[in-house]
Amino acid sequence: MDKASFGLAAAWGDYDNDGDLDLYLTNYGPNLLYRNNGDGTFTDVTAQARVGDSGFSAGCGWGDYDNDGDIDLYVATYVKFKYRAEDAAIISQQYGSEIPYTINPSSYPPASNRLYRNNGDGTFAEVAEAAGVLAADYRGAMGMAVGDYEHDGDFDLFVTHWIAQENAFFENRIVGGFSDEQGKPRLFFTDEADMLGGLGQISLNMVGWATGFADFDNDSNPDLWIVNGHTLEMADDNTLLQPQRMHLFHHEPGRGFIEVGQQAAPVLAKPVVGRGGAQADYDGDGKIDIAVMVHSGVPLLLHNTSTGDGHWLALRLRQSGGNTYALGARVTVRTGELVQTAQVGAEGSYLSQHHSDRHFGLGPATQIDELTIYWPDGAVEKHQDIESDRLLTFKHVADYRH
């Protein structure tokens with residue numbers, strides 16, 4: 001990897017189904033795909049794979065959208081940016097601040113997103129227009145968290161935005177009986193950000209980036225974290241951006257999400273110019289930790305030291321026969337009357353990637369009554385009476401012929 005570039009996002013995925021993770025990098029400029037050789041080295045296969053879009057790409061993610069066993073690639077682009085020296089001197093007033101022309105996305109034409117379908121032979125075909133996924137959100141959307149926060153079997157969405165646009169909490173209403181003319185369930189979401197502890201209002205003066213649902217105290221209720229950091233300069237030093245405090249919300253059923261960042265970690269009382277972030281149980285102790293990328297600063301590694309007697313289960317899913325990391329697999333975990341649902345690879349943090357293991361906080365439950373895995377090829381696997389507080393690996397021989 002000896003290429004210099006203006007890098008933005010990175011996403012790992014086994015696009016060639018050889019069992020090791022390959023790396024895709026988005027850039028301001030040509031994007032790059034590195035194939036993992038399996039011996040600690042990588043080969044640049046961008047030209048061969050035909051995924052080197054030369055624009056202003058941002059977020060990216062892997063997933064098998066056509067469910068054929070070969071994972072595909074989606075790339076979100078920003079704008080059709082063109083540098084002109086004279087633009088740097090143009091200033092406008094917005095939200096009570098001076099806004100440089102060059103950081104306002106409305107100053108430039110929008111750019112279309114890319115969906116690269118994996119052909120299964122080392123090449124990809126760009127099919128975003130045919131699939132109907134060219135357009136972008138009208139707001140300044142950055143990070144996205146996906147999770148079933150209320151345990152009703154469907155996935156809700158939390159989206160971070162730019163200043164004065166409020167973060168959005170889209171609650172999934174598909175289970176509520178909405179259907180189309182043929183009687184099939186249809187997608188229907190409502191923005192409940194201000195009903196859930198004021199998640200919208202608290203973000204009015206913030207610029208939100210990376211985010212994620214994670215059950216930090218293993219009480220079976222997913223909590224929420226957000227990395228914040230301004231795009232505007234300091235009033236007394238235009239070489240520095242304005243720092244902002246990271247938010248960490250504890251989920252309290254019946255009350256919503258309560259911001260506890262400063263109480264949870266003294267370091268979170270200090271504002272930073274945050275951008276990327278991802279979650280994983282990096283030390284294997286059953287508690288989800290967070291890594292935070294800081295613009296022009298030192299990254300933060302937030303080690304979870306929560307106390308309490310909440311139990312947990314972590315799952316690692318693998319397949320042979322295609323889609324080796326089982327992206328798209330859905331898992332349900334039942335303890336008593338409580339059913340938790342998660343999906344592998346569904347969530348997408350800003351320019352970052354969470355670990356693919358699925359973590360469940362179990363509260364006081366010492367065992368899982370029933371675990372169900374809905375594999376991407378349609379197979380269903382069930383297990384009963386599983387002891388808690390462990391990482392379990394399940395392997396599946398996939399059959400995508402039907």
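At 28% relative accessibility, arginine 173 sits in the partly exposed class. Its salt-bridge partner is glutamate 171, with the closest N and O atoms 3.2 Å apart. Glutamate 171, for its part, is buried, at a relative accessible area of 7%. Keep in mind that this is a predicted model.

That pair isn't on its own, either: Glu171, Arg173 and Glu192 are tied together in a network of salt bridges. Across the model, the count of salt bridges comes to 11. Here are three of them side by side.

| Salt bridge | N to O distance | Relative accessible area |
|---|---|---|
| Arginine 173 – glutamate 171 | 3.2 Å | arginine 173: 28%; glutamate 171: 7% |
| Arginine 245 – glutamate 259 | 3.2 Å | arginine 245: 17%; glutamate 259: 19% |
| Arginine 255 – glutamate 252 | 2.8 Å | arginine 255: 55%; glutamate 252: 22% |

Take the middle row. Glutamate 259 and arginine 245 meet through their side chains in a salt bridge. This pair links distant parts of the chain, 14 residues apart: glutamate 259 belongs to strand 20 (residues 256-259), while arginine 245 lies in the loop between strand 18 (237-241) and strand 19 (247-252). Buried is the label for glutamate 259, at 19%, and arginine 245 is buried too, at 17%. Since the cut-off for buried is under 20% relative accessible area, glutamate 259 gets that label with its 19%.

The last row looks like this: arginine 255 is exposed, at 55%, and glutamate 252 is partly exposed, at 22%. Their side chains meet at 2.8 Å, N to O.

Now for a spot elsewhere in the chain, strand 3. How many of the five residues of strand 3 (residues 32-36) are buried? Four are, so the strand is largely enclosed by the rest of the structure.

What pairs with it? Strand 2 (residues 22-30) runs antiparallel to strand 3, with three bridges between them. In one of these pairings, leucine 23 has tyrosine 34 of strand 3 as its bridge partner. The two strands make a hairpin with one residue between them.

Strand 4 (residues 42-44) is also antiparallel to strand 3, and three bridges join the two. Here arginine 35 stands opposite threonine 43 of strand 4. Strands 3 and 4 form a hairpin as well, with five residues between them, and glycine 38 in that turn has a positive phi of about 80°.

So strand 3 takes part in two hairpins: with strand 2 and with strand 4.

Notes
Residues numbered from 1 in each chain as written. Predicted model: local features only at pLDDT ≥ 70, side-chain atom pairs only at ≥ 80, totals over all residues. Heavy atoms only, no water. Salt bridge = Lys/Arg side-chain N within 4 Å of Asp/Glu carboxyl O. Buried < 20%, exposed > 50% of the residue type's maximum accessible area, 1.4 Å probe, protein only. Pairing = 2+ DSSP bridges.
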